[in-house]
Amino acid sequence: MTDDHFMSIALRLAEKNLGNVAPNPAVGCVIVKDGTIVSEGYTGIGGRPHAEVVALQNAKDSTHGATTYITLEPCCHRGVTGPCTAKIIKAGIKRVVIATIDPDSRVSGGGIKALKEAGIEVEQGIMQKEAEELNVGFFTTKELHRPFIACKVATTLDGKIATFTGDSKWITSENTRNWVHELRTKYDAIMIGSNTLINDDPLLTCRLPGLGSRSPIRLIIDSQGRLKEEHNIAKTADKVTTWVITNKEVKEKIKNINYLKVNSNDAGKACLKDMALKLVSEIGITRLLVEGGGVLITELLKCNLIDRLIICRSGKILGNDATPFVGDLGIQFINNCYQFKKTKIIEFSEDIVEVWDRSS
């Protein structure tokens, strides 16, 4: 078996708790001896235990002289728990294969250095691109100090998200909507604006059988106090962590709702750039899925805060009087447009899902 084979298994393991490990990365680890996997591990819910710790514990006495495959450079600093590098060294591991270097300044390159100084053979860069994509949220927080932000939009062929009366149920098929529910489990948080709250009164949970506990944190941008106790989100806030984001002082708070105050922008509204920073520093969110309407998506675009567009497109057409998924941007010249590149297509019988990443 090749290094790529074992690393691909480690990557699949890492994905198991993706969306439930923030602010930590989702890591997978495989221990191989004499060409056979003797142990596996992946990051626990909440970010601990680390994948390496789980794999080493599961391996028991089969680690001496083994090779360990890890999707992210093991930590070498002492946080809540001791460094994983020390545990790997103590276990007698002979060789460590690492997909990508940890962007955290407390680790970056230090984990590899510690292993090499202990006489362990280290190879880095196996399936690096796949590993960085898996933990794109963690990497984004270290580089930009904000979450990776993806916007999911259900549109018609002509780019509309609702009729002129506001009716939007349903633009896409049940199969596509089920796919979106599974997508939600891969994100730390899901966000809407107050218009979507009023128009749709959504739950913003994962309602696939067996995945209810994987519902992400819910965020509502609401500086006008539009969220009321009778809304579905408020009624279920005792079961799913929920935050209201506002730039105003909140005098009457709703039970079980958390409140995050952010700065105001020049228009007197909640500053989305300040919000993005505080989602990391105060809540620990690394991956954010936006399911808001055209107003929120437009403002995020203007702030250069959209990393990925997930367009769920149906075969329906609603016409020019329907609601578009993006509003006025004031762009005069093509060279000034917001540019995205298509990275993935998923086809359903009635719809198509297109994934577009922001061009660098």
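These are my notebook entries on a sheet, two helices with the loop after them, a pocket and a cavity.

**Entry 1, the model.** I am working with a predicted model, so I keep in mind that local features were taken up only where pLDDT is at least 70.

**Entry 2, the open sheet.** I looked up the strand order first and found five strands in an open sheet, running S2-S1-S3-S4-S5 with mixed pairing. Strand S2 (36-42) and strand S5 (121-124) are at the edges with a single partner strand each, so one side of each has no neighbour in the sheet. From one strand to the next, the twist averages 15°.

For one pair I went further: strand S3 (residues 67-70) and strand S4 (residues 95-98) are parallel and share four bridges, and within this pair I noted Tyr69 opposite Val97 in S4.

**Entry 3, helices on the sheet.** I then asked which strands H1 lies across. They are strand S1 (28-33), S2, S3, S4 and S5, and the helix runs at about 145° to S1. Helix H2 (residues 51-59) also packs on the sheet, where it touches S1, S2 and S3, and its direction makes about 140° with that of S2.

**Entry 4, helices H10 and H11.** In helix H10 (residues 272-283) I listed the buried residues as Leu272, Asp274, Met275, Ala276, Lys278, Leu279 and Ile283, a list in which I marked Asp274 and Lys278 as charged. Their cover includes strand S8 (189-193), strand S9 (217-221), strand S10 (242-246), strand S11 (257-261), strand S12 (287-290) and H11. After H10 comes Gly284, with a positive phi near 85°.

For H11 the buried residues are Gly294, Leu296, Ile297, Thr298, Leu300 and Leu301. Just after this helix I found another positive phi, about 55°, at Asn304.

**Entry 5, Leu305.** Is Leu305, in the loop between helix H11 (294-302) and S13, buried or exposed? Its relative accessibility is 5%, and since buried means under 20%, Leu305 counts as buried. Setting aside neighbours within four places in sequence, I found Leu305 in contact with Arg146, Ile149, Leu272, Lys273, Ala276, Leu300 and Arg358. Of these, Leu272 and Ala276 are among the buried residues of H10, and Leu300 is one of the buried residues of H11. I also checked Leu305 against Asp167, which is 138 residues away along the chain, and found their C-alpha atoms separated by 28 Å.

**Entry 6, the second largest pocket.** I noted a space of about 1,200 Å³ in this pocket. Its lining has 33 residues, and those closest to the centre are Glu133, Val136, Phe148, Arg308 and Asp357. Two or more lining residues come from each of helix H1 (3-14), helix H5 (128-134), helix H6 (136-144), helix H7 (174-184), strand S13 (308-313), strand S15 (340-347) and strand S16 (352-358). Sorted by class, the lining has 16 charged, 13 nonpolar and four polar residues.

**Entry 7, the cavity.** How many cavities of 30 Å³ or more are counted? The count comes to one, and the volume of the largest cavity is about 50 Å³. Among the 13 residues that line the largest cavity, Leu18, Asn24, Asn135, Thr286 and Arg287 lie nearest the centre. H6 gives the largest share of this lining, with three residues. By class I wrote down six nonpolar, five polar and two charged residues for the largest cavity.

Technical notes:
Residues are numbered from 1 along each chain as its sequence is written. This is a predicted model: local features need pLDDT of at least 70, side-chain atom pairs count only at pLDDT 80 or more; totals for chains, interfaces and linings use all residues. Side-chain values use heavy atoms; hydrogens and water are left out. On a 1 Å grid over the protein atoms alone, a cavity is a set of points where a 1.4 Å probe fits but cannot get out, and a pocket is an open set with protein on both sides within 12 Å along at least five of seven lines; lining residues have an atom within 4 Å of a point. Grid points are joined across faces, edges and corners, and a volume is the space filled by probe spheres set on the points. Buried means under 20% relative accessible area, exposed over 50%, partly exposed in between (1.4 Å probe, protein chains only). Contact means heavy atoms within 4.5 Å. Two strands pair if DSSP finds at least two bridges between them. Axes are lines fitted to C-alpha atoms, for helices over the stretch in contact, and angles run from 0 to 180 degrees between N-to-C directions.
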